[in-house]
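Work through the exercises below with the sequence and the 3D view open. Try each task before reading its solution.

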Amino acid sequence: MKSYNHLWEKFLSDENIELAIKNASKGKRNRKSVKRRLENPNFKNEIRAYAMNFKNKHHTPKEIYDGIQRKKRKIIVPTFDEQVIHHMVVNILKPIFCRGMYEHSYGSIPKRGGYKGMLTVKKWIAKGGKDCKYVLKMDIKKYFDSIPHDIYLAKLRKIIHDDKFFAVVEEITNVTDKGIPLGFYTSQWTANWYLQGLDHYIKEELGAKYYIRYMDDMVIFGGNKRELHKMRKAIEEYLNQNLGLRLKENWQVFRFDYNGKYRDLDFMGFRFYRNKVTLRKSIMLKVSRKARKIYKTEKPSIYEVRQMLSYLGWITHTDTYGFYLEWIKPIVCIRKLKRRIKAHDINRNRRIKNELVQSRINSDATGGRPDILQEIQLCS
């Protein structure tokens with residue numbers, strides 16, 4: 001097992017801080033609190049000082065409804081300064097966590113979203129034949145809230161030998177008494193990495209041919225129902241003994257769809273059949289509601305327009321064109337929405353260019369150099 005040291009210097013480097021500020025501020029630069037921090041000429045030094053003595057702020061969890069998973073969740077919203085620190089930490093941990101990551105682990109990983117996962121499952125179903133006769137579908141009970149700090153930190157300690165950097169990771173982890181907080185950028189990476197050993201156990205020890213994981217939701221295709229039951233028991237035992245976790249009681253082993261018979265697979269917001277892939281009904285309902293809202297609004301916000309176009313991407317890559325023709329096309333002009341986004345982006349880029357030119361003129365007049373944070377804000 002490869003171990004890592006000398007991470008503290010990389011963590012506090014100018015390059016890491018600047019990249020973290022850039023990534024943490026994406027889509028938030030117009031917020032007053034964020035804009036005020038970015039305009040502070042000493043912001044980078046303040047972030048470095050905060051990182052050197054990092055402590056979590058006091059937080060009150062908020063409850064939200066997750067439309068994809070169809071459940072209520074409690075999240076913790078970090079301050080902007082904390083978000084920058086979280087991005088600094090992830091910049092260091094990302095190459096470590098990606099080393100040895102299972103190729104079919106999806107969800108909250110760059111270039112490994114639900115769409116790519118859908119293509120993988122669709123390909124397996126097309127070529128799997130008898131090996132896709134049955135499905136084992138399961139997930140972990142209260143996964144984010146159940147990850148034991150002691151086991152997670154002990155596993156991480158085996159590979160991270162930099163005491164100062166590890167202390168920052170430990171402080172972020174201990175913002176809750178147990179589990180990892182939804183809402184922290186670090187949590188999605190932690191959650192994926194923590195199950196990396198389970199992925200290799202399922203593939204290498206249990207010999208699952210078609211296995212995919214989307215965060216803590218897992219699906220295994222197999223040709224033998226009895227073998228899938230044995231795998232489920234072994235996975236449950238591994239979770240209990242090695243990770244301090246439990247499978248949710250609603251696990252299922254069922255005969256997969258065949259020519260309209262048996263059951264389809266509901267996974268990652270999609271419904272998989274032998275010959276097609278559709279969206280989950282709750283998502284289609286959400287899309288139709290958004291379309292009606294845009295239709296009734298004289299000038300919908302850019303955020304709503306982008307949301308609608310994002311939903312269109314889901315529709316384009318699934319067998320739901322009939323739904324689009326009936327519920328979306330009659331009331332929403334997609335071409336008009338695209339033109340609106342294009343005009344918005346052109347105006348934004350023009351404004352940014354003018355601000356950047358003006359800042360450089362002002363800098364030349366005073367004989368100084370434009371602040372790096374201002375360049376990051378304007379150029380990204």
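**Exercise 1. The chain as a whole**

What percentage of the 380 residues of the protein chain count as buried?

Solution. Note before starting that this is a predicted model. The figure is 49% of the residues, where buried means under 20% relative accessible area. Next, look at the overall extent: the C-alpha trace spans about 75 × 60 × 35 Å along its principal axes. The chain holds 17 helices and ten strands. Finally, take the contacts with a separation of 6 or more: 71% of them join residues 24 or more positions apart.

**Exercise 2. The nonpolar cores**

Find which residues of the largest nonpolar core touch the most other members.

Solution. Step one: the core has 70 residues, and the ones sought are Phe11, Ile85, Phe165 and Ile220. Step two: helix α5, residues 80-98, gives the most to this core, with ten residues. Step three: a second, separate core has 38 residues, including Ile125, Leu312, Tyr324 and Ile328. Step four: return to isoleucine 220 and set aside residues up to four places away in sequence; among those it touches are Tyr134, Leu136, Ile202, Tyr211, Leu228, Met231 and Ile235.

**Exercise 3. A helix and its packing**

Check the length of helix α12 (residues 225-243) against its number of residues, then list what its buried side packs against.

Solution. The helix has 19 residues, and the expected span is 1.5 Å times one less than that number, which gives 27 Å. The end C-alpha atoms are 26 Å apart, so the two values agree. The buried residues of α12 are Leu228, Met231, Arg232, Ala234, Ile235, Tyr238, Leu239 and Leu243. They pack against β4 (134-139), α8 (149-157), α10, α11 (196-205), β6 (217-222) and β7 (252-255).

Repeat the check for helix α14 (residues 302-316). With 15 residues, 21 Å is expected, and the helix reaches 21 Å from its first C-alpha to its last. Its buried residues include Glu304, Met308 and Leu312.

**Exercise 4. The cavity**

How many cavities of 30 Å³ or more are there, and which residues line the largest cavity?

Solution. Rolling a probe the size of a water molecule over the atoms shows where empty space is left. The count comes to one cavity of 30 Å³ or more. The largest cavity has a volume of about 90 Å³. It is lined by Val89, Leu93, Tyr152, Val169, Ile172, Thr173, Ile180, Pro181, Thr186, Ser187 and Thr190. Sorted by class, the lining has seven nonpolar, four polar and no charged residues. Helices α5, α9 (163-173) and α10 (185-194) each supply at least two residues of this lining.

**Exercise 5. Three loop residues**

Decide whether methionine 215, methionine 268 and isoleucine 331 are buried, partly exposed or exposed.

Solution. Methionine 215 lies in the loop between β5 (210-214) and β6. Its relative accessible area is 10%, so methionine 215 is buried. Its phi is positive, about 60 degrees, although it is not a glycine.

Methionine 268 sits in the loop between β8 (265-267) and β9 (270-272). At 7% relative accessibility, methionine 268 is therefore buried. Phi of methionine 268 is near 60 degrees, again a positive value in a residue other than glycine.

Isoleucine 331 is in the loop between α15 (321-328) and α16 (334-366). Its relative accessibility is 27%, so isoleucine 331 counts as partly exposed. Leaving aside neighbours within four places in sequence, isoleucine 331 contacts Ala291, Arg292 and Tyr295.

Conventions: Residues numbered from 1 in each chain as written. Predicted model: local features only at pLDDT ≥ 70, side-chain atom pairs only at ≥ 80, totals over all residues. Heavy atoms only, no water. Core = buried A, V, L, I, M, F, W, Y, C linked by side-chain atoms within 4.5 Å. Buried < 20%, exposed > 50% of the residue type's maximum accessible area, 1.4 Å probe, protein only. Helix = DSSP H or I, 4+ residues; strand = E, 2+ residues; numbered from the N terminus. Contact = heavy atoms within 4.5 Å. 1 Å grid on protein atoms, 1.4 Å probe; cavity = no way out; pocket = protein on both sides within 12 Å on 5 of 7 lines; lining within 4 Å. Points joined across faces, edges and corners; volume = space filled by probe spheres on them. Nonpolar A, V, L, I, M, F, W, Y, C, P; charged D, E, K, R; others polar.
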